[in-house]
Amino acid sequence: MEKRTAVVTGAAGTIGGGIVEQLLRHSRRIVMVDIDGGRLNEAAERFPRDKVTAIDCDIGDESSGARIREFIASLGWRPAEILINNAGISPRRNGQVAGALEVSLEEWNHTIHVNLTAMLLLARAFIPDMKASGWGRIVNFSSRAGRTNVGTSGPAYVTSKAGVLGLTRSLACDFASYGITCNAIAPGLVDSAMTRALPPERFKMLLDGTLVGRPGTATELGATAAFLASEEAGFITGACVDVNGGRSML
Ligand SMILES: NC(=O)c1ccc[n+]([C@@H]2O[C@H](COP(=O)([O-])OP(=O)(O)OC[C@H]3O[C@@H](n4cnc5c(N)ncnc54)[C@H](O)[C@@H]3O)[C@@H](O)[C@H]2O)c1
């Protein structure tokens, strides 16, 4: 069978790179998507050109899903049957997040839009092709912050990541009968650009509570996503996989 096509958002980021690397091990063709065109092209250069390509776009833009679909069609690849919604933001000023009393409405709306609403927009763009093929996999990146009390992640990020779990269950219910699964991943502390921007004392506090004694790696997160996107994961839907080194057991 012709290789299935996977769309990975936030593909220029740390975890995005691990996802692409692991999807390649599952023989997928991959479209890397990111808003940062420069870092995206640099990231894509690490991978074989006949199997991995890249398109820069803002996933918060309602037309992005259609643009990505057209791009895939222009390559002559199969329509996307795998969507990995990995892109996410955690706005900070001087390493600090805005609390409930300070967060501007603009920052609140933007965080919810990129972290949650964009997942719905992309799912809407690709589900019709998945329905037509009778097979699909959607994997949404939540966070430990969306699962339980993590203290200082800020209300906008926490709310967006909790919302991801609701959206995941809703899509899982609505499309299971078409062979489409939808699951979430809730990472704990991962060694990444996002966590290196944390104040050192906060990073240490998160690390101290991680039972395995180290941050997770992009490869470990990527392997979880690639498994949930595999043929063998067809009986898993509506689930949230906690990948947090034992930081919390839910
Ligand atoms: N790193 C961690 O410890 C951690 C923990 C919990 C959850 N997560 C989640 O995992 C996912 C990946 O995190 P990461 O650590 O790799 O982050 P990262 O900052 O390294 O990568 C995120 C990528 O998303 C891209 N992006 C942001 N806004 C976008 C937009 N509007 N359109 C397209 N692309 C956009 C960025 O350019 C960046 O390349 C995120 O959803 C994050 O919330 C990460």
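In this predicted model, a polar side-chain atom of Y157 lies 2.7 Å from an oxygen atom of the ligand. Two further polar contacts may be set beside it. The side chain of D34 places an N or O atom 2.6 Å from an oxygen atom of the ligand. At I59 the backbone takes part instead, with one of its polar atoms 3.0 Å from a nitrogen atom of the ligand. The ligand would expose 830 Å² if taken alone, and the protein buries 92% of that area.

The site of the ligand is the largest pocket. Three elements each give two or more residues to the shell around the ligand, namely α1 (14-25), α5 (155-175) and α6 (193-196). Of the contributions to this shell, that of α6 is the greatest, at 3 residues. In total, 29 residues surround the ligand, and the closest of them are D34, D58, N86, Y157 and S192. Sorted by class, the shell comprises 15 nonpolar residues, 10 polar residues and 4 charged residues.

N86, one of the closest residues to the ligand, also leads to another part of the protein. Its backbone nitrogen lies 2.9 Å from a polar atom of the side chain of T9. T9 belongs to strand β1, which covers residues 5-9. Is T9 buried or exposed? Its relative accessibility is 1%, and T9 therefore counts as buried, the limit for that class being under 20%.

Helix α1, one of the elements that contribute to the shell around the ligand, contains I15. With a relative accessibility of 14%, I15 is also below the limit of 20% and so counts as buried. Which residue lies 7.8 Å from I15 in space, C-alpha to C-alpha, although 202 residues separate the two in sequence? That residue is T217.

Beyond helix α1, the chain enters the loop that joins α1 to β2 (29-34), and S27 is found in this loop. The backbone of S27 has a positive phi of about 60 degrees, although S27 is not a glycine. The relative accessibility of S27 is 40%, a value between the limits of 20% and 50%, so S27 counts as partly exposed. Strand β2, on the other side of the loop, covers residues 29-34. The path thus returns to D34, whose side chain has an N or O atom 2.6 Å from an oxygen atom of the ligand.

Notes
Residues are numbered from 1 along each chain as its sequence is written. This is a predicted model: local features need pLDDT of at least 70, side-chain atom pairs count only at pLDDT 80 or more; totals for chains, interfaces and linings use all residues. Side-chain values use heavy atoms; hydrogens and water are left out. A residue is near a molecule or strand if one of its heavy atoms lies within 4 Å of it. A polar contact is a pair of N or O atoms within 3.5 Å; within protein, one must be able to donate a hydrogen and the other to accept it, and residues adjacent in sequence count only if both atoms are side-chain atoms. Accessible areas come from the Shrake-Rupley method with a 1.4 Å probe; for residues, only the protein chains shown count as cover. On a 1 Å grid over the protein atoms alone, a cavity is a set of points where a 1.4 Å probe fits but cannot get out, and a pocket is an open set with protein on both sides within 12 Å along at least five of seven lines; lining residues have an atom within 4 Å of a point. A molecule sits in a cavity or pocket if more than half of its atoms lie within 2 Å of its grid points. Helices (H or I, at least four residues) and strands (E, at least two) are DSSP runs, numbered from the N terminus. Ala, Val, Leu, Ile, Met, Phe, Trp, Tyr, Cys and Pro count as nonpolar, Asp, Glu, Lys and Arg as charged, and the others, Gly among them, as polar. Buried means under 20% relative accessible area, exposed over 50%, partly exposed in between (1.4 Å probe, protein chains only).
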